[in-house]
Amino acid sequence: MIRTARAEPAGRLEETLASSSARARDFQMALEQAQQQFVAAAQVGYESRPLNLFYGLSQAGRAIAAASPRLGGRTQNRWQGSGHGLHFDPDISAHGLIGSRIRVDNGNADLFSRLSIAIGSPTDVRSATFGELIEQIPDYAMEFPDPSAIGRPIHDTRVYAAPAAFPVELEVQLPGLPMEGPMDEAVVRALADRYPALRPLRVSTSEPGTARRSHNRGRCLFVIDGIDQLQLSRSGPYVPLGTQTYRRHSVLLPELGESPRELRPLASWWMVLFALSMLARYSPHHWTRTMSITHSRIASRVEFILDSALHAVPELVHEELASIAAVDQEPS
């Protein structure tokens, strides 16, 4: 599908690439290099795979920046980037991989900031731990469930038909929600406010100060006051405004770091693969220990991330290119 987009660019994608031969050349060659890096990643073991995966994504990011109308042209944002724009200390002896932090420069020329602007992802995260970042990835959160964890993606939150009248109630499986007993409205509100798409919605209450539970265990209810709080998902049902698409599925994502917004999934994958590539490249002794299935408690989880990236990341690249091609996207 990405190769089809290269051969037959449509909408804003075609318009932007046609405006500059330099952008068109970078778009084509960067995507070719990205494909070759991902093909190589599938052929090597976990010992080297993070390097191919990250540099494949990095080149795909260059192509997205070249194709985005949010960069270059009449905007104040340059489309060519240099430098990673991220920092990760590969010495993980103090905190382990899960507790180690990835820091964001918030610059105006690095590649991560170019990608973020191109896809509408925030650049003010400042920093996040590796553990917080992998919890943002729906594949990981579904494979390794943790009912007590907060700040995880929320699935299956939808209204199946256009309501005839408002208000209507929306059932949500909110991470961190007490499974039984009375629920304090303020506690539910605090958990919900981690999700930008849930902030505008009222918590449904059974009495003042007490949030209502759904008949389904572990779920609570929110109030949709009008159609302006809903959007039509790609799969058909109505979902809360601000819901994102991840591999053709609707998902609510939490805020991260110091930003009041959620990262776009491709940006989350970018930071995760950057950290793993830095660890594998600059601290091979720590990488060897991390990937030892007999000595590392997280080895199988990192293996899962590296396997999932082979399929998830190219699919997300295609989703972002399709979003750029949409005729209603305007420069920002």
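Helices here are DSSP runs of H or I with at least four residues, strands are E runs of at least two, and both are numbered from the N terminus. With that in hand, helix α10 (residues 265-282) has 18 residues and runs 26 Å from its first C-alpha to its last, close to the 26 Å expected at 1.5 Å a residue. That expected span is 1.5 Å times one less than the number of residues in the helix. Bear in mind that this is a predicted model: local features need pLDDT of at least 70, side-chain atom pairs count only at pLDDT 80 or more, and totals for chains, interfaces and linings use all residues. Residues are numbered from 1 along each chain as its sequence is written, and side-chain values use heavy atoms, with hydrogens and water left out.

**The whole protein**

- You're looking at 12 helices and 14 strands.
- The radius of gyration is 21 Å, close to the 20 Å that the globule rule gives for 332 residues, so the protein is as compact as a globular protein of that length. For that figure, the radius is taken over C-alpha atoms, and the rule is 2.2 Å times the number of residues to the power 0.38.
- Taken along the principal axes, the C-alpha atoms fill a box of roughly 60 × 50 × 30 Å.
- Of the 332 residues, 51% are buried. Buried means under 20% relative accessible area, exposed means over 50%, and partly exposed is in between (1.4 Å probe, protein chains only).
- Among contacts with a separation of 6 or more, 68% come from residues 24 or more positions apart; a contact is heavy atoms within 4.5 Å.
- About 15,400 Å² of the protein is exposed, and carbon and sulfur atoms supply 50% of it. Those areas come from the Shrake-Rupley method with a 1.4 Å probe, and for residues only the protein chains shown count as cover.
- On the charge front, there are 33 positive and 36 negative side chains, and the centres of the two sets lie 4 Å apart. Lys and Arg count as positive, Asp and Glu as negative, while His and the chain ends are not counted. Each charge is placed at NZ of Lys, CZ of Arg, CG of Asp or CD of Glu.

**Helices worth a look**

- Back to α10: 16 of its 18 residues are buried, so the helix is largely enclosed by the rest of the structure.
- Helix α4 (residues 49-67) has 19 residues that should span 27 Å at 1.5 Å a residue, and its end C-alpha atoms are indeed 27 Å apart. In α4, 16 of the 19 residues are buried, so this helix too is largely enclosed by the rest of the structure.
- Helix α3 has 23 residues and reaches 34 Å end to end by C-alpha atoms, close to the 33 Å expected at 1.5 Å a residue.
- The buried residues of α3 are R23, F27, A30, L31, A34, F38 and A41. Their cover includes α1 (2-7), α2 (11-18), α4 and α12.
- Q28 also lies in α3 (residues 21-43), and at 28% relative accessibility Q28 counts as partly exposed. Its C-alpha is 17 Å from that of E319, 291 residues away along the chain.
- H311 lies in helix α12 (residues 299-325) and counts as exposed at 54% relative accessibility.

**A strand residue and a loop residue**

- T245 is in strand β13 and touches R234, P265 and E319, not counting residues up to four places away in sequence.
- T157 is in the loop between β4 (154-155) and β5 (168-172), and with 6% relative accessibility T157 counts as buried.
- Leaving aside neighbours within four places in sequence, T157 contacts L170, E171, V172, V239, P240 and L252.

**Backbone oddities**

- Most residues other than glycine have a negative phi, and most peptide bonds are trans.
- A cis peptide bond joins F166 and P167, with omega about 5°; P167 lies in the loop between β4 and β5.
- R126 is not a glycine, yet its phi is positive at about 75°. R126 lies in the loop between α6 (111-119) and β3 (127-129) and is partly exposed, with a relative accessible area of 39%.
- R248 has a positive phi too, near 70°, and is a residue other than glycine. R248 lies in the loop between β13 (244-246) and β14 (249-252) and is exposed, with a relative accessible area of 62%.
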